[in-house]
Amino acid sequence: MSHLIDLLACPRCDRTPLSENRGTYRCNACKTDFPSTGGIPWLFAAPDATLGEWRNRLQFELQRLAREAQLLRTELDGAIPLARTKQRLELQLQATVEHRKALQELLAPVDVQSMQASFESHLALRTRLPRDQGLHTYYANVHRDWAWGDTENRLALDEIRLALDSDKQTGDTLVLGAGACRLAYDVHMSFDAGRTVALDFNPLLLLIAKAVTAGGTLHLHEFPIAPKSAEDFAVLRELAAPAPVRGGFHLVLGDVLRAPFRPGGFDTVVTPWLVDIVSEDFPVFAARVNRLLKTGGRWINSGSLSFENAQQACRFGPEETLAIVVDAGFGQPFVHESTMPYMCSPASRHGRQESVFTFAAEKRSEASPPERHKALPDWIVTGQEPVPLTPSFRTQALSTRIYSYIMSLIDGRRTVEDMAKILEQQQLMPRAEAIPAIRNFLTRMYDDSRRQS
Ligand SMILES: C[S@@+](CC[C@H](N)C(=O)[O-])C[C@H]1O[C@@H](n2cnc3c(N)ncnc32)[C@H](O)[C@@H]1O
């Protein structure tokens, strides 16, 4: 079976089935149309609002790159002592201009003029894109996946191989947070997968994956974090898959927290480098993974284990993680840990070594269905409940008041000492405390202004 439709459910109302018309889907129950973006189904709960948001993020990126190119031109117009510096800046300028053009072409399917991000429709559906996710957030992965990362990609696949033990059958497989999709591709090509579905919410990553897995070649610049040499500031890479992907491989744009799949549809769910970055507590997310699997199906997780959460109690260690997996209806997990290179671009001095935590666990029983994911609390969404005065809001309110007052004192004449005197007169803080506080704040403002320019 190579089609996708029987695996899908509506990400908005959870009902099945969807109907299909040439790659676009519709939920007749809630009357929502889900477009296709460059041949990839766009299965978000609020499809128009999400398309509008990614379009905004694309426009933002295009503006940023245009501005960067302009700044490079201005620098090139000035006096540059070293000929080598000039060469490097010229390389960076050319790469920035070409990258901007490449981005515009690749993301043309997202650049739908009529789509405006509507915060209201996100609010109504309790969905949203995390603020910190831009098109380039995981852009380095693209180059590792399809250009220089043979060793890292092989090691990542080895982890899955180990987790499968001698079983080469992965059946219908879902890869959540698939990124640029190399692991999903390798799983599909290496094991006896029926269908492999790779889901991510970043259209740049999936549009690149779509082009290369179809057998195409893309030329895109890599911008390493710590270039090894002057030529490494921008490296034009050729991105290609070892071979065109075989049938049954599907890409889906959607949110893992509102995954558009019917319950119990998959034999295998893979979560590579994902569980500790999603904005949902791990026990709830584990129950979501359980619901996607058939009984007897397998959850394979591999990657870092570094939960970031405001609450210390939710920063789970490995032992707690495994206990949570069992509590979510899985059998005792197989566990493997190994240390491997991670994002070690040959053009960068920066690279990591990660102690990768892999587990595989069989679904034994049905977890109770978690509530539909709410990206925002009711007091923001409904506007009918009091905004809670949390300790963090209280601290922020106080420091914002003081900082905005300090900003209002900047008139081009006053010194740090003058400002401290005024803060003391206003009984906001004693002078001895005010001087270091103002200096700290102004240092931050100064750093920010230098970064921006
Ligand atoms: C750390 S990267 C790992 C990418 C890929 N699995 C790999 O190993 O290279 C996390 C990926 O999860 C995706 N992601 C994060 N939150 C998501 C969400 N709520 N829905 C869909 N994708 C998400 C990001 O876009 C990114 O591609």
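**Stop 1: the start of the chain**

Select Pro17, which sits in the segment before β1. You are looking at a predicted model, so treat each stop as a feature of that model. Show the backbone on either side of Pro17: the peptide bond that joins Thr16 to Pro17 is cis, with omega at about -10°.

Now select Asp14, which is also found in the segment before β1. Its phi is near 70°, a positive value in a residue other than glycine. Is the side chain hidden or out in the open? Neither label fits: with 45% relative accessibility, Asp14 counts as partly exposed.

**Stop 2: Arg195 and its partners**

Stay with the segment before β1 and pick Asp6, then add Arg195. The two form a salt bridge, and their closest N and O atoms are 2.6 Å apart. Arg195 belongs to strand β7 (residues 193-200) while Asp6 is in the segment before β1 (19-21), so this pair ties together parts that are 189 residues apart in sequence.

Which partner is buried, and which is partly exposed? Arg195 has a relative accessibility of 2% and counts as buried. Asp6, at 27%, counts as partly exposed.

Keep Arg195 on screen and look for His3. The Arg195 side chain reaches the backbone oxygen of His3 at 2.8 Å.

**Stop 3: other salt bridges**

Side chains of opposite charge can pair when their charged atoms come close. How many salt bridges does a search of the whole structure find? The count is 24. Here are two others to display.

Select Lys363 and Glu366. Their side chains meet in a salt bridge, at 2.8 Å from N to O. Lys363 is buried, with a relative accessible area of 1%, whereas Glu366 counts as partly exposed at 44%.

Next, select Asp411 and Arg414. This salt bridge has its closest N and O atoms 3.6 Å apart. Arg414 is partly exposed, with a relative accessible area of 34%, and Asp411 counts as partly exposed too, at 32%. Before leaving this topic, return to Arg195 and add Asp172: salt bridges that share partners join Asp6, Asp172 and Arg195 into one network.

**Stop 4: the ligand**

Now select the ligand and show the residues around it. There are 17 of them, and the ones that come nearest are Arg144, Gly177, Asp200, Asp255 and Val256. Try colouring this shell by class: nine residues are nonpolar, five are polar and three are charged.

Three pairs of atoms are good to label here:

- Arg144: a polar side-chain atom lies 2.6 Å from an oxygen atom of the ligand.
- Gly177: a backbone N or O atom lies 2.7 Å from a nitrogen atom of the ligand.
- Phe201: a backbone N or O atom lies 3.3 Å from a nitrogen atom of the ligand.

How much of the ligand does the protein bury? Taken alone, the ligand exposes 590 Å², and the protein buries 94% of that.

**Stop 5: helix α4**

From Arg144, widen the selection to α4, residues 139-148. This helix is mostly covered, with eight of its 10 residues buried. Arg144 is one of the buried residues, and with it come Tyr139, Asn141, Val142, His143, Asp145, Trp146 and Trp148.

**Stop 6: out to the surface**

Switch to a surface view and select Val387, Leu389 and Phe393. Together they make a nonpolar surface patch of about 300 Å². Val387 lies in the loop between α10 (378-381) and α11 (391-409). Val387 is exposed, with a relative accessible area of 57%.

**Stop 7: two more loops**

Select Glu231, in the loop between β8 (218-222) and β9 (235-239). At 56% relative accessibility, Glu231 counts as exposed. Then add Gln87: the two residues are 144 apart along the chain, yet their C-alpha atoms are separated by 9.2 Å.

Finish at Trp273, in the loop between β11 (266-272) and α8 (282-292). Trp273 has a positive phi of about 55° although it is not a glycine. At 23% relative accessibility, Trp273 counts as partly exposed.

Definitions and conventions:
Residues are numbered from 1 along each chain as its sequence is written. This is a predicted model: local features need pLDDT of at least 70, side-chain atom pairs count only at pLDDT 80 or more; totals for chains, interfaces and linings use all residues. Side-chain values use heavy atoms; hydrogens and water are left out. A residue is near a molecule or strand if one of its heavy atoms lies within 4 Å of it. A polar contact is a pair of N or O atoms within 3.5 Å; within protein, one must be able to donate a hydrogen and the other to accept it, and residues adjacent in sequence count only if both atoms are side-chain atoms. Accessible areas come from the Shrake-Rupley method with a 1.4 Å probe; for residues, only the protein chains shown count as cover. Ala, Val, Leu, Ile, Met, Phe, Trp, Tyr, Cys and Pro count as nonpolar, Asp, Glu, Lys and Arg as charged, and the others, Gly among them, as polar. Patches are made of residues with over 30% relative accessible area and no salt bridge: like charges are joined within 9 Å, nonpolar side chains (Val, Leu, Ile, Met, Phe, Trp, Tyr) within 5 Å. A salt bridge is a side-chain nitrogen of Lys or Arg within 4 Å of a carboxyl oxygen of Asp or Glu. Helices (H or I, at least four residues) and strands (E, at least two) are DSSP runs, numbered from the N terminus. Buried means under 20% relative accessible area, exposed over 50%, partly exposed in between (1.4 Å probe, protein chains only).
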